[in-house]
Amino acid sequence: MELLDGELELREIQKLEGHTDRVWSLAWNPTGTGVAGMLASCSGDKTVRIWQKGPSGSWDCSAVLEDTHTRTVRSCAWSPSGKLLATASFDGTTAIWERVGGEFECVATLEGHENEVKSVSWNASGSLLATCARDKTVWIWEAQPGNEFECVSVLQGHTQDVKMVQWHPFLDVLVSVGYDNSVKVWTEDGDDDWHCVQTLGEAGSGHTSTVWALSFNSAGDRMVTCSDDLTLKIWDTSQNPSETSGDGSGSWSHLCTLSGYHDRTIFSVHWSRDGLIASGAADDAIRLFTESKDRMVDQPSYKMLVKREKAHDMDVNSVQWNLKEPKLLASASDDGTIKIWELSEVSKVDNFVQSHHLLIGFCQPQVVNSIGLCTLAPLFMSSSRDVKESELLDSKVPIEVFDT
Amino acid sequence: MILFDCGFDNGGDIDDDNDEFPSKVGKYKAKTELHHFCSLPILIRIQEMVVGLLNANPIVYKKKERRARNVPTVIDEVTFTPTIEHCSMATLIGLCLRVKLMRSLPSRYKVDIRVAPGRHATEAEVNKQLNDKERVAAALENPNLLELVDSCLEP
C-alpha cells in the first residue's frame, strides 16, 4: 500500500460476503437508519442485498431481494427519500422496491428497453428516474402517485451502449456516458422536451475509449469521468449547467486529465462530500485523489492521495462513499465480496523503529528456559524503542536478556 | 428456426458492419443445423480454428507477470488469427477463447484478447467488445449463445 502525503490510508473495516457471483454496483441509502445507514448491493447472482450495521457494530445482510430479476442486476439507486430502491437488470427491466420496515416489496417494473439496462439514477427531488441500456438510449421516467412510473422521453444520441446515467446533485440536468467514448449532457426545454445540449469528448480532450462512470462533486460545478482509456477526466462548469450559450452548446469544459495512475480499466469513480475522488479499477486497486493545493500551478490540478493495492482479489467494479460519514467507503468486486473501508491516519503505534532489538525485564518462562537462565531471577530491563505490552508476550520478538 | 446473427446468409454475402455478439440465436437441436445459415465448410473451419487456437496454434501468448506483494497478477495477452480475413465470426471465436481461458485459468489472471493486427477488417471493434467484460457477461447470459460456445469448445 502506497501512502503519499499526509500519511492517510484506507483501513479495511469489514468484508461482506453473501453474493454468489460478482458484485457490480453499490448504493448507500441517503437517509437510512442509525449512524452510518444502509447499503444496497447488486450482483450477477440476480439478487440485491441490503446491509445494515447491527447492534454489535458489524455489518450484516438484513434482506435479500430475489425472484424478481431473471438476469444480472447491474445497478441500483435509492430515491432521495430513501424509501424506494430502483434496480436495473440485464433482463431489460428496472424494478422499483419499496422499503416497509425491514422488508422490501417490488411495487413496479419498468419495461421498454430492448436489451440490458446498465444504470439507473434518481434526480434530486425524486420526481424523475433515468435509465440507460445497450440499446443506445436513455429513458426518462416520471414518478407518479401510487408508485406508477411513466416514460416521458426516450433520448437518442449515443451511437453505442450507454454505460451510466447520473443526475446533477440539484438541477434537472442528466449526464450519460458510454461505449461510444462520449459524455452527453441532457436538459429539458420545457414540457418533456429533452435534448442533448453538449457532448464532451469530441474536440480532442475527450476519452479515447469506453467511459464507464461519472460522478459530480457536491457543489455541482465539477464532474469526474473514468474510462477504459486508463484516465480520469475532470470537467468544470463555471455557469449554471442547465444554461446553454447562444449557439446551443453547453458550458462544461475539460479541466484536467489524470493519467499514468491506472494501468487497467477504471470501472467506477465517486466524489465524496469532502472532495475526495475514489476510483475502482480492474487492477484490483482503489485509489483516492484530491485537488492539489500547489500554489505554483495556475490551473487547478489533482493528485493521488492513497493507493490501496489488492483491495480485492479481483476487479473493483464499484466504489461509493457513505453519504453521512465521509470517511467511510464501500467497494464491490468480481470476487463476490463487498468491503467497508475507513479513511484514517496511519496509526503511530504501527510506526516501529527499524531495530527489533529489545531488552526485556520479565520474560516468559519458556523463553528463559530456552536460554538456560533461572526462571525466577529478576532481570535488568530497558528497551530501545516503545514496546507494546502484547509484544512482551509474543515470543516471536527476538530478545536479549541480561543478568544484573 | 435458427436466426444466427453472424452476418452470414444463404447468399454468402458477409456483413462486416455487425460485430455484435450473436444475440438472436434460436434453439437448435444439432450443430449441423447451423449449416443452413453458415456453410458447412466454414463451420468446420471455425471448430478447427477454435481447437487449433486453444492448442496454441496460431496463438501468440505474451505473458506479463507483475508482482504485487508476492501475489503474482498475471496478464496474458492472447492474439488470435482468424483464417478468413473478413470473417465476422471473429467475435464468436474470440468469445470462445475468452470462455475457455476463464474456465482454465485461476481467477487472478487478467486476460486481454486481440485479433492479430491486420488480419481482420474491423479488428478494433472486435477487440473492444471482446475486452468489455460487461458485454461478454451479458452475451454469456444468453443460454443459446452459451450452448453454442460450449459446443465449440467440446473436444
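Of the 404 residues in chain A, 55% are buried. Keep in mind as you read that this is a predicted model. The accessible surface of chain A comes to about 17,400 Å², and carbon and sulfur atoms account for 47% of that area.

Turning to the fold, chain A holds two helices and 31 strands. If you take the contacts in chain A between residues at least 6 apart in sequence, 51% of them join residues at least 24 apart.

The UniProt record, an unreviewed entry, lists "repeat: WD" for chain A at residues 16-52, 66-98, 110-151, 155-186, 204-245 and 309-351. Two of these listed spans are set side by side here, with the share of each secondary structure type and the separation of the end C-alpha atoms.

| Span in chain A | Helix | Strand | End C-alpha atoms apart |
|---|---|---|---|
| Residues 66-98 | 0% | 52% | 14 Å |
| Residues 110-151 | 0% | 57% | 9 Å |

What about the cysteines? Over all chains, the structure holds zero disulfides. Cys42(A) is in no disulfide, and its nearest cysteine sulfur belongs to Cys76(A), 3.8 Å away. A disulfide calls for two cysteine sulfur atoms within 2.5 Å, so the 3.8 Å separation of Cys42(A) and Cys76(A) does not count as one.

Is Cys42(A) buried or exposed? Cys42(A) is buried, because its relative accessible area is 0%, and the cut-off for buried is under 20%. Cys96(B) is likewise buried, with a relative accessible area of 1%.

Definitions and conventions. Residues numbered from 1 in each chain as written. Chains lettered and ligands numbered in written order. Predicted model: local features only at pLDDT ≥ 70, side-chain atom pairs only at ≥ 80, totals over all residues. Heavy atoms only, no water. Helix = DSSP H or I, 4+ residues; strand = E, 2+ residues; numbered from the N terminus. Buried < 20%, exposed > 50% of the residue type's maximum accessible area, 1.4 Å probe, protein only. Contact = heavy atoms within 4.5 Å. Areas by Shrake-Rupley, 256 points an atom, 1.4 Å probe, with all protein chains shown as cover. UniProt positions renumbered as here; feature names shortened; annotations may be inferred.
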